[in-house]
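Reader: I have a few short questions on strand pairing and packing. Please reason from the coordinates.

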Amino acid sequence: MKVEEINREILFRAKRIDSGIGEWVEGHYVYFERMKNACIYYVHKGFPLVTDVDPETVCQYTGLTDKKGRKIFEGDILMCHENKNDLVKVVFGKLHVINAETLEKIDEAIGWHYEVIPTDEISKSEPFNLSMSFIDVDIKQLDMEVIGNIFDNPELLKKNIKNKNPNLKD
């Protein structure tokens with residue numbers, strides 16, 4: 001039996017608290033129990049650094065990239081099919097397993113998935129408002145693109161967001 005190596009990048013990003021501007025930093029998450037602070041360890045210009053981060057903003061990398069090759073993190077907001085009314089939020093946690101024909105919830109699972117952000121009447125109705133598993137095939141089929149995140153772009157989580165974000169295309 002051939003054993004294949006699993007090669008997976010485990011990264012996190014969070015907002016620095018020492019920069020004063022909430023700059024994002026990406027690297028490895030470290031928590032110091034004695035000092036009660038969250039940190040990200042990263043390499044900048046060849047030098048290893050550790051910086052304090054806001055623990056509320058710590059997001060894990062999904063291991064996936066969007067249609068433009070950008071890393072997708074927990075809390076990112078993705079636009080599908082270049083449609084500003086077709087938005088989803090990336091989440092890690094419990095999701096329902098459904099029967100594809102009846103849309104009946106038949107089980108639960110834990111993992112990466114996306115939740116539809118209700119922006120119009122279609123996205124508020126079944127099956128569009130269900131949580132769906134999140135895999136590389138979804139990104140390609142739904143033409144997904146990162147357009148923001150829940151921390152820097154909370155307005156994207158609200159309904160009727162038309163023309164509030166210059167990155168959104170008609």
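Reader: In which sense do β7 and β8 pair, parallel or antiparallel?

Author: This is a predicted model. Strand β7 covers residues 76-80, and β8 covers residues 83-98. Ile77 of β7 has Lys89 as its bridge partner in β8. Four bridges join the two strands, and their sense is antiparallel.

Reader: Which residue takes a positive phi in the hairpin of β7 and β8?

Author: Two residues lie between the strands of this hairpin. The phi in question is near 55°. It belongs to His81.

Reader: Which strand does β7 join through Asp76 and its bridge partner Asn149?

Author: Asn149 lies within residues 145-149, a strand that runs antiparallel to β7. Four bridges join the pair. The strand that holds Asn149 is β11.

Reader: How many residues of β7 are buried?

Author: Side chains in a regular strand alternate between the two faces of the sheet. Here one side of β7 has Asp76, Leu78 and Cys80, all buried. The other has Ile77 and Met79, also buried. So both faces are covered, and the buried count is five of five.

Reader: Which strand gives the most to the largest nonpolar core?

Author: That core has 13 residues, and Ile72, Leu78 and Val88 are among those with the most contacts inside it. β7, β8 and β9 each supply at least two residues. The top contribution is three residues, from β9.

Reader: Which residue of β7 is in contact with Ile72?

Author: Set aside the neighbours of Ile72 within four places in sequence. Its contacts then include Tyr61, Val90, Phe134 and Leu78. Of the β7 residues, the one listed is Leu78.

Conventions:
Residues numbered from 1 in each chain as written. Predicted model: local features only at pLDDT ≥ 70, side-chain atom pairs only at ≥ 80, totals over all residues. Heavy atoms only, no water. Buried < 20%, exposed > 50% of the residue type's maximum accessible area, 1.4 Å probe, protein only. Pairing = 2+ DSSP bridges. Core = buried A, V, L, I, M, F, W, Y, C linked by side-chain atoms within 4.5 Å. Contact = heavy atoms within 4.5 Å.
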